[in-house]
Amino acid sequence: MALCINMTGNYRHRKRRLIKAMASSRPLPLVLSLLLLLISQLSVGHGFQSPPPKLAYHGGPLLTGNIDVSILYYGRIGRVQKSVIRTFLKSLNSVSAYGGAKPTVSTWWSMVESYQSFAGRHVRRSPKIRVRVASVVTDTSYSVGKVMTVDFIKLLVEKATAGKRNTLALIFTDRQVTVQEMCTGRCAQHGAFGEQPYVLVGNPETECPGACAWPFHKSDYGPQGVVLQPPSGNVGADAMIVSLASGLADAVTNPFNTGFFQAGGGHAGLVGAGTVCQGMFGSGAFPGYTGKIRVDPKSGGAFNSHGVKGKKFLLPAVWNPATSSCWTPV
């Protein structure tokens, strides 16, 4: 069942005001001013860029083949959140979902895998990138404090991997931890210390939910669209999945800031495969509107992908290198 969300009341009000002004005998400059105001309102909102910048390949390596993931749960991560995270990771390489439902999480992942074909490999079909959880570490004592900066991230990456090479560190913080730059819209951070790549995902339940929990929470800026129900029933869990998916796509296609990326404006830094199309989840998306998605008739949860064990996920758009456009599963 597809969900078509109407334009917000504020947008409709501005549109009616613009049409009324254009139909009246008011001076042309005023009409043009109102038109520019409407256009500006449509060009901002939840990090959405129209059209998004084209990603360029900068010649560096991508993460390919078998990827061992080292998970660190920092703080008191809830049982539901851990379960949703693990199920999502297992779903990446599962070709079929429960009951053969489509599209699957692996369909979304195949778009990330396709970047191999555009990195000078000249292969017709991109090899599979298989993700395996190699280790899980829990730190409930907040060993480096509750304010997360780059220096502390390095310590946690070392703790997550225990010095093992050829792993991708995934760090999840709980709702009590403040993550640097999270409130500027960087809901997931990825980078590398030497040859060790990592992804850091914050929990936006209490810190900046209007920036990092949309569309499961009212946005702090831009057009105000409909707030959706999370597919798992847990806002923190599903908001973290959106951030994890974005960060994972960026980390795989640009692990050392030498792969696929484009320089972003303001606090955006480098935008990549999973972040350049921010705020889009389905076809027809525009600022304040996720695009066409689906709704579980039993739970009311919004989703666009099926995973293992009958689980459903709302996954962000990914840049399609073949068409130079944003791609969504539905």
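**Exercise 1.** Is C212 buried or exposed in this predicted model?

*Solution.* The relative accessible area of C212 is 5%. Buried means under 20%, so C212 is buried.

**Exercise 2.** Which cysteine does C212 pair with, and where do the two partners lie?

*Solution.* Step one is the bond: C187 and C212 are joined by a disulfide, with an S to S distance of 2.0 Å. The cut-off for a disulfide is sulfur atoms within 2.5 Å. Step two is the handedness: the S-S torsion is -85 degrees, and the link of C187 and C212 is left-handed. Step three is the location: C187 sits in the loop between β7 and β8, whereas C212 belongs to helix α6. The two are 25 residues apart, and the pair links distant parts of the chain. C187 is buried as well, at a relative accessible area of 11%.

**Exercise 3.** Describe the disulfide of C183 and C208.

*Solution.* Start with the distance: S to S is 1.6 Å. The torsion about the S-S bond is about 65 degrees, so this disulfide is right-handed. Next, place the ends: C183 lies in the loop between β7 (178-179) and β8 (188-193), and C208 in the loop between β9 (196-201) and α6 (209-212). Finally, compare accessibility: C183 is partly exposed at 45%, while C208 counts as buried at 16%.

**Exercise 4.** Describe the disulfide of C277 and C326, then give the pairing pattern of the bonded cysteines.

*Solution.* The sulfur atoms of C277 and C326 are 2.0 Å apart. The torsion is about -90 degrees, so the bond is left-handed. C277 is in the loop between β11 (270-271) and β12 (293-295), and C326 is in strand β17 (residues 325-327), 49 residues apart. C277 is buried at 1%, whereas C326 counts as partly exposed at 21%. The count of disulfides comes to 3. With the bonded cysteines numbered in sequence order, the pairing reads 1-3, 2-4, 5-6.

**Exercise 5.** Characterise the surroundings of D139.

*Solution.* First, locate the residue: D139 is in strand β4 (residues 130-139). Second, check its accessibility: the relative accessible area is 2%, so D139 is buried. Third, list the contacts: leaving out residues up to four places away in sequence, D139 touches L72, Y73, Y74, G75, L156 and K159. Of these, Y73 is 66 residues from D139 in sequence, with a C-alpha to C-alpha distance of 6.2 Å. Fourth, look for a polar contact: a polar atom of the D139 side chain lies 3.3 Å from the backbone nitrogen of Y142.

Note on methods
Residues numbered from 1 in each chain as written. Predicted model: local features only at pLDDT ≥ 70, side-chain atom pairs only at ≥ 80, totals over all residues. Heavy atoms only, no water. Helix = DSSP H or I, 4+ residues; strand = E, 2+ residues; numbered from the N terminus. Buried < 20%, exposed > 50% of the residue type's maximum accessible area, 1.4 Å probe, protein only. Contact = heavy atoms within 4.5 Å. Polar contact = N/O pair within 3.5 Å; in protein donor to acceptor, adjacent residues only side chain to side chain.
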